[in-house]
Amino acid sequence: QENANKTGVRWAEFVNKDGFGIRIDADDALEISPSYYTPIETESYDHDYKLPEYEKVVYKVNCRMMGVGGDDSWGSRPLVQYKNQTNWEYNYSFVITPVK
């Protein structure tokens, strides 16, 4: 499952304790998901506590994500306006700049 996904992001800055890092800028809103692990790493373990000590931060920059369900927990489908249409072409761009 995805977690920590932030929507409506036009810019984000990620820096370490010394102020070094990256800045992500976009003209249109993006979605950004910071994590200590890649999706493959999290799928390799059946419980979070089994994951190894983290050594990095992974930033996933997405155009849009498909939600996991509808308006209730009884199996309803997502509303049309919240679905990603498979017959649409999605384009997005962003700039990554070093930060100090």
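**Lys17 and its partner**

I started at Lys17, which is exposed, with a relative accessible area of 81%. Worth jotting down before going further: this is a predicted model. Lys17 pairs with Asp18 in a salt bridge, and I read 4.0 Å between the closest N and O atoms. Asp18 is partly exposed, at 46% relative accessibility.

**Other salt bridges**

How many salt bridges turn up in a search of the whole structure? I got five. Next on my list was Arg23, whose salt bridge goes to Asp25, with the closest N and O atoms 2.9 Å apart. Arg23 comes out as partly exposed, with a relative accessible area of 25%. Asp25 is also in the partly exposed class, at 26%. I then looked for a third member, and Glu13 belongs with Arg23 and Asp25 in a network of salt bridges.

Then I went to Lys56 and Glu41, whose side chains form a salt bridge at 3.1 Å, N to O. Lys56 sits in the loop between helix 1 (39-43) and strand 3, while Glu41 is in helix 1, so this pair ties together parts that are 15 residues apart in sequence. I checked accessibility for both: Lys56 is partly exposed at 35%, and Glu41 is partly exposed at 27%.

**Leu51**

Where does Leu51 lie? I found Leu51 in the loop between helix 1 and strand 3. Is Leu51 buried or exposed? Its relative accessible area is 15%, and buried means under 20%, so I put Leu51 down as buried. Leaving out residues up to four places away in sequence, I listed its contacts as Tyr37, Glu41, Thr42 and Tyr45. Glu41 is the residue I had already noted for its salt bridge with Lys56. I also took a distance from Leu51 to Asn3: C-alpha to C-alpha they are 16 Å apart in space, with their positions 48 residues apart in sequence.

**Asn62**

I moved on to strand 3, which covers residues 58-62 and includes Asn62. Asn62 has a relative accessible area of 18%, which makes this residue buried because the cut-off is under 20%. What does Asn62 touch, not counting residues up to four places away in sequence? I wrote down Asn5, Leu30, Glu31, Ser33 and Tyr92.

**Stepping back to the chain**

After the single residues I looked at the fold. The protein chain has four strands and one helix, and I read the order along the sequence as β-β-α-β-β. For contacts between residues at least 6 apart in sequence, 53% join residues at least 24 apart.

For overall dimensions, I got a span of about 45 × 40 × 20 Å for the C-alpha trace along its principal axes. The radius of gyration is 16 Å, against a value near 13 Å for a compact globule of 100 residues.

On burial, what share of the 100 residues is buried? I noted 19%, and both Leu51 and Asn62 are buried. The accessible surface comes to about 8100 Å², and carbon and sulfur atoms hold 51% of that.

Last entry, on charge: I counted 16 negative and 11 positive side chains in the protein chain. The centres of the two sets lie 2 Å apart.

Key: Residues numbered from 1 in each chain as written. Predicted model: local features only at pLDDT ≥ 70, side-chain atom pairs only at ≥ 80, totals over all residues. Heavy atoms only, no water. Helix = DSSP H or I, 4+ residues; strand = E, 2+ residues; numbered from the N terminus. Rg over C-alpha atoms; globule rule 2.2 N^0.38 Å. Buried < 20%, exposed > 50% of the residue type's maximum accessible area, 1.4 Å probe, protein only. Contact = heavy atoms within 4.5 Å. Areas by Shrake-Rupley, 256 points an atom, 1.4 Å probe, with all protein chains shown as cover. Lys, Arg positive; Asp, Glu negative; His and termini not counted. Charge placed at Lys NZ, Arg CZ, Asp CG, Glu CD.
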